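Trainee: I would like to learn how to read the packing of a protein model, going slowly from the whole chain down to single residues. Could you take me through it?

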Amino acid sequence: MSARTLPLLFLNLGGEMLYILDQRLRAQSIPGEKARKDEWTDVDRKRVMNDIIATMFNKKFMEELFKPQDLYSKKALRTVYDRLAHASIMRLNQASMDKLYDLMTMAFKYQVLLCPRPRDILLVTFNHLDAIKDFISDSPGILNQVDETFRRLIETYNCLSDGEFQLIRQTLLIFFQDMHIRVSIFLKDKVQNSNGRFVLPISGPVPWGTEVPGLIRIFNHKGVEVKRAEFSTAGNYVTPQREGSFELYGDRVLKLGTNMYSVTRPVETHMSGSSKNLASQAKENIAPNPLAKEELNFLARLLGGLDIQKPAGGETGFRLNLFTTDEEEEHAAQTRPEELSYKVINIEATQEPGRRAELSRILGELEVAEPRPGSAEKGEDLLALMDGL
């Protein structure tokens, strides 16, 4: 596995999360002068996006993230996004957070699969960061944080070889290999099968620096071409006009990683049969993970750098529902297999009392506060991000 994969995984998944939240908040925003106290306004949307992005690109957090290290478990990663999604006044309950995470992971998995060459994963990341900069274009301080991460990416990854990028791609595909959640956008575009597996195209532009297939050259022992033979291909291939820019500003050319929610369209997720089988297999696998302690230590360092904004005064968090109705959300929470929901991280007691107390304190702060009974919640009547197939 590559020790340089984690920053790319985190930033791309975070970019997809911001796309989804921005699309839903924009769709449901009401002009401030007309909005009731329990309704979202564009001011609320900007506040949510600014708070989450500022937390996501926290300097200390980025310093920890960019240290060479192996990926850690899906549950630990999901815990980071739980904390990140609740870094502002917005609140998501368990079922909505599960659905949001499903959309994030499947979108980035598809982008990794479609990358013409492993190095283009960096262009996908740049597309996400370019879009994030547009979200906070009127906040110079936060924009500075994103630009600093941009420069760190360029410094860290531009010098890597093609072989190292291939290892990064393989590491990402290993991470995603058991995830087969069906998404309506992909199903309607016929790029995903009913079992949740993606359909990869056999036509289109070839990777930059390569030639369109169809020609065989034969060389002698001196390296001189002595013969040519042509063959037909099943696909319709074209040569790319230019390479995408790997600089701070520039045309990325590649469209993977751009915002597919910029046009309003319904999105739904469903577990495929393979995911359900995976859930049943998880019950049988109860062997302890020998790396669990180190993983939690690393998670503590990461989360320790996140400065979460607490609602001021008596202000309660406003809930964003990613389902059509509250009843659908409750039903999803009840029917989702426990192994595929991420609720509690149980920490095995260690022999380090100080470390144990610190881990408990940090992870204890990750709980999502339940709204007080009878309190007004902004966004209660938001339409679902996923309107069904």
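Mentor: What follows goes from the whole chain to pairs of helices, and then to single residues. Please keep in mind throughout that this is a predicted model.

Trainee: How many helices and strands does the protein chain have, and what share of its residues count as buried?

Mentor: The secondary structure of the protein chain comes to 13 helices and 8 strands, and of its 389 residues 49% count as buried. Among the contacts between residues at least 6 apart in sequence, 79% join residues at least 24 apart.

Trainee: Which residues have the most contacts inside the largest nonpolar core?

Mentor: That core has 79 residues, and Phe10 and Tyr81 are those with the most contacts inside it. Helix H1 gives the most to this core, with 12 residues. If you select tyrosine 81 and leave out residues up to four places away in sequence, you will find that it touches Leu9, Phe10, Leu13, Gly14, Met17, Met97, Tyr101 and Met104.

Trainee: Now I should like to read a pair of helices. At what angle do the axes of H4 and H5 cross?

Mentor: The axes of H4, residues 74-85, and H5, residues 94-114, come within 11 Å and cross at roughly 115°. Because angles from 65 to 115 degrees count as roughly perpendicular, H4 is described as roughly perpendicular to H5. The handedness is a separate matter, and here H4 passes H5 in a right-handed crossing. On the H4 side the contact is made by Lys74, Leu77, Arg78, Tyr81, Asp82 and Ala85, and on the H5 side by Gln94, Met97, Asp98, Tyr101 and Met104. Sorted by class, these are 6 nonpolar, 1 polar and 4 charged residues.

Trainee: How are H5 and H8 placed, oblique or perpendicular to each other?

Mentor: H5 and H8, the latter covering residues 162-176, pack at an angle of about 140° with their axes 10 Å apart, and the two are therefore oblique to each other. Their crossing is left-handed. The residues that make the contact include Tyr101, Phe108 and Val112 of H5 and Leu172, Leu173 and Phe176 of H8. The contact of H5 with H8 divides into 8 nonpolar, 1 polar and 2 charged residues.

Trainee: Which residues of H1 meet H7?

Mentor: Pro7, Leu8 and Leu11 in H1 meet Thr149, Leu153 and Tyr157 in H7, and these divide into 5 nonpolar, 1 polar and no charged residues. The axes of H1, residues 6-28, and H7, residues 140-157, come within 12 Å and cross at roughly 145°, in a left-handed crossing.

Trainee: Finally, how do I read a single residue, and why does leucine 18 count as buried?

Mentor: You compare its relative accessible area with the cut-off, since buried means under 20%. Leucine 18, whose place is in helix H1, counts as buried because its relative accessibility is 0%. Leaving aside neighbours within four places in sequence, leucine 18 is in contact with Met49, Ile52, Ile53, Met56, Ile132 and Phe135. Leucine 18 and isoleucine 52 are 34 residues apart in sequence and 8.4 Å apart in space, C-alpha to C-alpha.

Trainee: And which residues does alanine 85 touch?

Mentor: Alanine 85 lies in helix H4 and is buried, with a relative accessible area of 0%. Not counting residues up to four places away in sequence, alanine 85 touches Met17, Ile52, Met90, Leu92 and Met97.

Terms used
Residues are numbered from 1 along each chain as its sequence is written. This is a predicted model: local features need pLDDT of at least 70, side-chain atom pairs count only at pLDDT 80 or more; totals for chains, interfaces and linings use all residues. Side-chain values use heavy atoms; hydrogens and water are left out. Axes are lines fitted to C-alpha atoms, for helices over the stretch in contact, and angles run from 0 to 180 degrees between N-to-C directions. Helices (H or I, at least four residues) and strands (E, at least two) are DSSP runs, numbered from the N terminus. A crossing is left-handed if the near helix is turned anticlockwise from the far one by less than a right angle, and right-handed if clockwise. Contact means heavy atoms within 4.5 Å. Ala, Val, Leu, Ile, Met, Phe, Trp, Tyr, Cys and Pro count as nonpolar, Asp, Glu, Lys and Arg as charged, and the others, Gly among them, as polar. Angles under 35 degrees count as roughly parallel, over 145 as roughly antiparallel, 65 to 115 as roughly perpendicular and the rest as oblique. A nonpolar core is a set of buried Ala, Val, Leu, Ile, Met, Phe, Trp, Tyr and Cys residues joined through side-chain atoms within 4.5 Å. Buried means under 20% relative accessible area, exposed over 50%, partly exposed in between (1.4 Å probe, protein chains only).
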